[in-house]
Number of protein chains: 2
Amino acid sequence: MIKVLLADDQALVRGAFAAMLGLEPDIEVVAQVSAGDEVVAAARRTTPDVALLDVQMPGKDGLSAALDLRQAVPSCRVIVCTTFGRPGYLARAMAAGAAGFVVKDASPEQLVDAVRRVHAGLRVVDPVLAAESLATGHSPLTDRERDVLAVARDGGTVADLAKALHLSEGTVRNHLSAAIGKTGARTRAEAVKVAEDSGWL
Amino acid sequence: MIKVLLADDQALVRGAFAAMLGLEPDIEVVAQVSAGDEVVAAARRTTPDVALLDVQMPGKDGLSAALDLRQAVPSCRVIVCTTFGRPGYLARAMAAGAAGFVVKDASPEQLVDAVRRVHAGLRVVDPVLAAESLATGHSPLTDRERDVLAVARDGGTVADLAKALHLSEGTVRNHLSAAIGKTGARTRAEAVKVAEDSGWL
DNA sequence: TCACGATCATGACATCTGTCATGGCCAGGT
DNA sequence: ACCTGGCCATGACAGATGTCATGATCGTGA
C-alpha cells in the first residue's frame with residue numbers, strides 16, 4: 001500500500017485527485033493540505049511514501065516545500081505537479097530533491113504510474129519538458145534583476161519599483177535594462193513575460 | 001441518473017473530476033472533451049443533463065462554448081467552472097445562459113451539490129463572487145479599448161499594437177489612454193492587470 | 001432630424017523609459 | 001595583491017509613452 005500526501009490549494013482538484021488515486025487498489029491518500037507550510041507537519045503525522053505537491057500554493061510554494069520535506073522526512077519521495085510546464089520549474093524542482101515532475105496536462109494513468117515509479121525509487125520526468133528545460137538552461141538573471149522583474153509584474157512605474165525595493169530609480173532602470181537585454185525582450189513588460197514563462201520568477 | 005459532460009483542457013484534472021463524480025451513485029460521466037469546440041458535438045452524441053465547462057480552454061473558451069451549447073442542446077444545463085474567481089467571468093457566464101458557476105477553490109461536496117441542484121432546475125452561484133461581481137459592475141471599456149488592452153498583454157510597443165490591429169499609432173495611444181483612465185491605472189501594464197483581474201479581457 | 005458616443009486620425013507637449021558611460025563598493029577566486 | 005563580477009548610484013540623451021485639443025465619419029436612439 002503506497003501512502004500518498006496531497007498538497008494543492010484548490011480544494012476541488014485536491015478532492016478530485018484524492019478520489020482518482022483512491023480508486024487504485026495499491027494507493028491510499030493519507031493526508032490532504034491546502035498550503036505549502038502545512039506539508040511538513042502533515043508528513044510528520046502521517047509518514048507518507050509519496051508527496052504530490054502543486055507549485056502554486058499560498059504560504060509556501062511547492063518547490064521550497066519540497067526542500068523542507070526532503071530534510072524533515074527523507075523517507076518521503078516528492079512529485080511536483082503543476083499547471084504550467086515551465087522549464088525553470090523542472091530545474092528548481094529537481095534541485096529541491098524532487099523525484100518526479102508531472103504537468104497537469106498529463107493523463108490520469110501517467111500520474112498513478114508516476115506515483116508507483118517514484119515509490120519504487122525511480123525518477124519520473126516528462127521528456128518533452130526535460131528537453132525544453134535543457135534548451136532554456138539556467139536563468140541568466142542575477143538576483144536583483146529577478147527581484148526587479150518580480151516587482152515589475154504588477155505594472156508600476158520605475159518610481160514605484162524603486163520605492164518597493166529601496167533603490168534609486170537609476171539603479172532600477174539599470175537592472176531593468178540588463179534584464180531586458182538578457183531575456184532578448186524589447187520592453188519591460190516583454191521581459192516580465194519571458195522570465196515568467198521560463199519559470200525564472 | 002444524472003448524465004454529465006466534462007470539458008477541461010487539463011487531462012489530469014478532467015480525469016480526476018470524472019473519478020470523483022463517478023463515485024456518486026446518481027451521477028454518470030458520459031463524455032469528456034479537452035477543447036471548447038468539441039463540446040457541442042459531444043453533447044449531441046451523448047445528450048448529457050449537465051455540462052461542466054472550464055473557462056480556460058483551447059479552441060473556444062468555456063463561455064462561448066456555453067452559449068453554443070445552450071442553442072444546440074437546450075435540454076443540457078451548464079455549469080461554468082474556473083480557477084479564477086473573476087467577477088466578469090460570472091457575469092459573462094450568466095449572460096451565456098449558464099445555470100451554475102463554481103470556482104475550483106470550492107469543496108468537492110459543493111461541486112456534486114451544484115450538479116444536483118442545476119439538474120433540478122436551480123441556479124447555483126457562489127454568493128461571495130456574486131457580490132463582488134455586482135460591486136465591480138459591467139466592463140467600462142469599449143470594444144476597441146478591450147482589443148488594444150488584449151493585444152498589449154504580451155508587452156509589445158505601441159508600434160507593434162498598431163500593426164497588429166491595423167490602426168495608426170496615435171489611435172492606439174488614445175485607446176490606451178482611455179483604458180488607463182477608465183481602469184484607474186497609471187500605466188498600460190497596470191491597466192492590463194486590472195482588466196484581466198476583473199475578467200474584462 | 002439631431003444629439004450622442006464610439007471610432008479613427010493628426011499633431012504637439014511633458015514625462016517616462018531604456019541605454020550608455022562612468023565610478024565606487026564589496027566578496028570570491030587566481 | 002589582483003582581477004572579476006555583482007550591486008549600487010549618478011547624469012545625460014534619444015526615443016517611447018501618456019495626455020490633450022481638434023476634427024471627421026458613422027450608427028443609434030430620442
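Student: What makes the approach of a polar side-chain atom of H175(A) to DNA strand D a polar contact?

Tutor: In this predicted model, a polar side-chain atom of H175(A) lies 3.2 Å from a phosphate oxygen of DNA strand D; a polar contact is a pair of N or O atoms within 3.5 Å (within protein, one must be able to donate a hydrogen and the other to accept it, and residues adjacent in sequence count only if both atoms are side-chain atoms), so the pair qualifies. Local features need pLDDT of at least 70 and side-chain atom pairs pLDDT 80 or more, while totals for chains, interfaces and linings use all residues, and side-chain values use heavy atoms, without hydrogens or water. Residues are numbered from 1 along each chain as its sequence is written, with chains lettered from A and ligands numbered from 1 in the order in which they are written.

Student: Which atoms of V158(B) and S177(B) approach a phosphate oxygen of DNA strand D?

Tutor: For V158(B) it is a polar backbone atom, at 3.2 Å, whereas for S177(B) it is an N or O atom in the side chain, at 2.7 Å.

Student: What makes a residue count as near DNA strand D, and how many surround the strand?

Tutor: A residue is near if one of its heavy atoms lies within 4 Å of the strand; 17 residues meet this around DNA strand D, and T142(A), R144(A), S168(A), S177(B) and R188(B) come nearest. Sugar and phosphate account for 65% of the atoms of DNA strand D that come within 4 Å of the protein.

Student: Which part of DNA strand C does N174(A) approach?

Tutor: A polar side-chain atom of N174(A) lies 3.0 Å from a base nitrogen of DNA strand C, while S177(A) places a polar side-chain atom 2.7 Å from a phosphate oxygen of that strand.

Student: Why are the two copies described as related by a two-fold rotation axis?

Tutor: Chain A superposes on chain B by a rotation of 180° with 0.1 Å of shift along its axis, at an RMSD of 0.1 Å (by least squares on the C-alpha atoms of residues with pLDDT of at least 70 in both), and the copies are thus related as by a two-fold rotation axis. In chain A, the C-alpha nearest that axis belongs to A16(A), 2.3 Å away.

Student: How do you know that the copies meet through the same surface?

Tutor: With contact taken as heavy atoms within 4.5 Å, 100% of the interface residues of chain A are also interface residues in chain B, so the surface is the same in both.
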